[in-house]
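I opened the notebook with two things to look up: the surroundings of the ligand, and the way certain helices pass one another. The entries below follow that order.

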Amino acid sequence: MMKTEQLQHLDNQFVHPWEDVKSIGKNKRTVITGGTGIYVTDSDGNRLIDGPAGMWCVNIGHGREEMAQTIASQCMQLSYVSPWSLANSPAAKLANKLVSIAPEGMNHVFFTTGGSTAVDSALRFLIFRNNFLGQTEKKHFISRANAYHGSTFLSSSACGKTRDKNFNDFDKEHFHFLSDPNPYRRKQGQSIEEFRQLLVDELEQKILELGANKVAAFIAEPILASGGVIIPPDGYHKACHEICRKYDVAYISDEVVTGFGRLGHFFSSKVVFDIDADIITCAKGLTSGYVPLGAFLVSDRLLDDFKDTDESTGVFSNGYTYSGHPVSCAAALKNIEIIQDEKILEHVREVSPYFQQRLHGFIDYPIVVDTRGMGLMGCIECEINPEQNDQQQSTDQKGYAVPRSSPPQISKADKLAIDYDLGNRIDKHCQALGLIVRPIINMCVFSPPLVITKKQIDEMFNLLEKGLQLTMKDLSSEGLLD
Ligand SMILES: Cc1ncc(COP(=O)(O)O)c(C=O)c1O
């Protein structure tokens with residue numbers, strides 16, 4: 001077995017996603033060598049809880065023998081066949097299975113290679129459809145600040161995280177952004193209801209400003225995951241969906257994270273948020289991350305428009321060598337079977353209230369300014385001296401935002417730099433204690449494997465508690481906390 005240092009040395013030739021160019025070749029990442037259930041093991045033999053389930057994806061947990069066997073036997077049976085003019089059994093069965101668990105009226109599936117390509121394909125499909133139907137101007141898309149939809153040119157153009165916009169090019173002509181739907185960021189004195197209405201009005205105004213005949217779709221995550229587990233106000237999605245219907249704007253529900261159990265259902269758009277999306281994108285939990293696969297499901301409403309056409313050149317020229325890959329589709333079928341047989345969705349619904357209760361307990365820590373979550377997704381947002389900001393967390397009994405007290409102690413620039421690194425600081429301590437958290441700037445997000453038990457939820461959050469205490473101790477010794 002190679003030593004950790006040797007592996008880290010080799011790894012420095014791997015340019016990782018979102019790598020800061022100045023650190024290429026200089027990193028010393030923790031090397032993960034194994035995994036079972038909610039735990040992974042590093043190359044020094046330490047066991048860690050996988051707090052983010054990889055990247056929101058290892059839903060059934062690590063090291064499932066039945067998954068390994070399914071994948072191996074599919075490789076032996078048929079490892080690959082072209083999806084262009086041929087069919088394969090796992091892809092056909094998976095399409096059928098997905099339709100059976102999807103909301104009513106979604107009867108067709110396009111397979112892709114992951115979440116970005118699912119979103120990209122969905123956007124391209126709408127551009128194609130509108131051109132085909134003669135609505136050649138209807139190709140503008142509306143998204144939100146802090147949304148994340150992927151890393152291809154089109155899907156990244158739909159992302160609203162400003163930090164990801166540095167030094168890259170995007171389609172700025174066709175993508176438009178509304179404000180962040182995070183209730184924590186609402187203005188002082190604004191009620192949640194007022195905030196919700198503002199967000200909905202903003203969407204309607206943008207459609208009217210661009211012209212309904214020019215807007216192809218509104219794209220939204222049910223919960224803005226990578227933006228920091230942002231949970232828009234109750235009723236927000238439904239109201240936005242109604243606006244879209246009013247102006248014949250398609251609604252793309254990006255369920256790449258929320259799909260396959262994270263909120264206790266295979267898909268959350270209809271069951272949790274009461275929206276009849278026109279397109280649902282999914283990936284990640286679709287195979288629980290064992291092999292790559294993505295898909296977008298499309299409603300009959302959108303497909304039916306093609307039925308009456310005599311147009312003979314309507315080829316949707318989009319797809320991949322690995323669309324409907326038999327090994328990935330076999331893995332997805334097994335994954336769904338495991339979720340159903342082991343009643344994992346029911347389990348998520350049962351343990352989520354406890355997960356949320358423990359998560360919200362962290363609001364009492366002086367550096368924690370917001371705790372938010374739903375299902376088995378959660379986030380703690382941290383800051384030193386939060387009272388220096390305009391943004392508010394505390395609410396009075398009527399849900400109105402009220403200011404926090406106590407005076408600022410350091411310059412705004414210093415505070416920003418320290419806040420930016422808080423997620424990393426907490427993650428460092430937690431990793432040493434045996435917990436991986438996903439640090440995003442000043443936030444730590446949690447989305448553990450769905451098989452996590454209440455006892456393991458305690459184990460996870462007890463480690464977080466210790467990690468937070470050590471972080472605060474560091475900050476105090478640096479004179480940054482009282
Ligand atoms: C909501 C959402 N959409 C799309 C994507 C892109 O998926 P992938 O990284 O599989 O391409 C992600 C990835 O985190 C995501 O969170």
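Entry, ligand contacts. I began with aspartate 254, and found that an N or O atom in its side chain is 2.7 Å from a nitrogen atom of the ligand; I note here that the model is a predicted one. I then turned to the oxygen atoms of the ligand, where a polar side-chain atom of serine 116 lies 2.5 Å from an oxygen atom, and where lysine 284 likewise places a polar side-chain atom 3.0 Å from an oxygen atom of the ligand. I looked up the area next: the ligand taken alone exposes 390 Å², and the protein buries 84% of that.

Entry, the shell. Which residues surround the ligand? I listed Gly114, Gly115 and Ser116, then Tyr148, His149 and Gly150, and after these Glu221, Ser226, Asp254, Val256, Val257 and Lys284. Sorted by class, this shell has 6 polar residues, together with 3 nonpolar and 3 charged ones.

Entry, helix 3 and helix 10. I took helix 3 as residues 65-77 and helix 10 as residues 326-341, and found that their axes come within 9 Å and cross at roughly 150°. Because angles over 145 degrees count as roughly antiparallel, I recorded helix 3 as roughly antiparallel to helix 10. I also noted the hand of this crossing, in which helix 3 passes helix 10 in a right-handed sense.

Entry, helix 4 and helix 10. I stayed with helix 10 and looked up helix 4, residues 89-101, whose axis comes within 8 Å of that of helix 10 and crosses it at roughly 40°. Helix 4 and helix 10 are therefore oblique to each other, and I entered their crossing as left-handed.

Entry, helix 12 and helix 13. At what angle do the axes of helix 12 and helix 13 cross? I found roughly 125° for this pair, with helix 12 running over residues 412-433, helix 13 over residues 454-477, and the two axes coming within 8 Å. I therefore put helix 12 and helix 13 down as oblique to each other, and I noted that their crossing is right-handed.

Definitions and conventions: Residues numbered from 1 in each chain as written. Predicted model: local features only at pLDDT ≥ 70, side-chain atom pairs only at ≥ 80, totals over all residues. Heavy atoms only, no water. Near = heavy atom within 4 Å. Polar contact = N/O pair within 3.5 Å; in protein donor to acceptor, adjacent residues only side chain to side chain. Areas by Shrake-Rupley, 256 points an atom, 1.4 Å probe, with all protein chains shown as cover. Nonpolar A, V, L, I, M, F, W, Y, C, P; charged D, E, K, R; others polar. Axes fitted to C-alpha atoms, helices over the stretch in contact; angles between N-to-C directions. Helix = DSSP H or I, 4+ residues; strand = E, 2+ residues; numbered from the N terminus. Parallel < 35°, antiparallel > 145°, perpendicular 65-115°, else oblique. Left-handed = near helix turned anticlockwise from the far one by under 90°.
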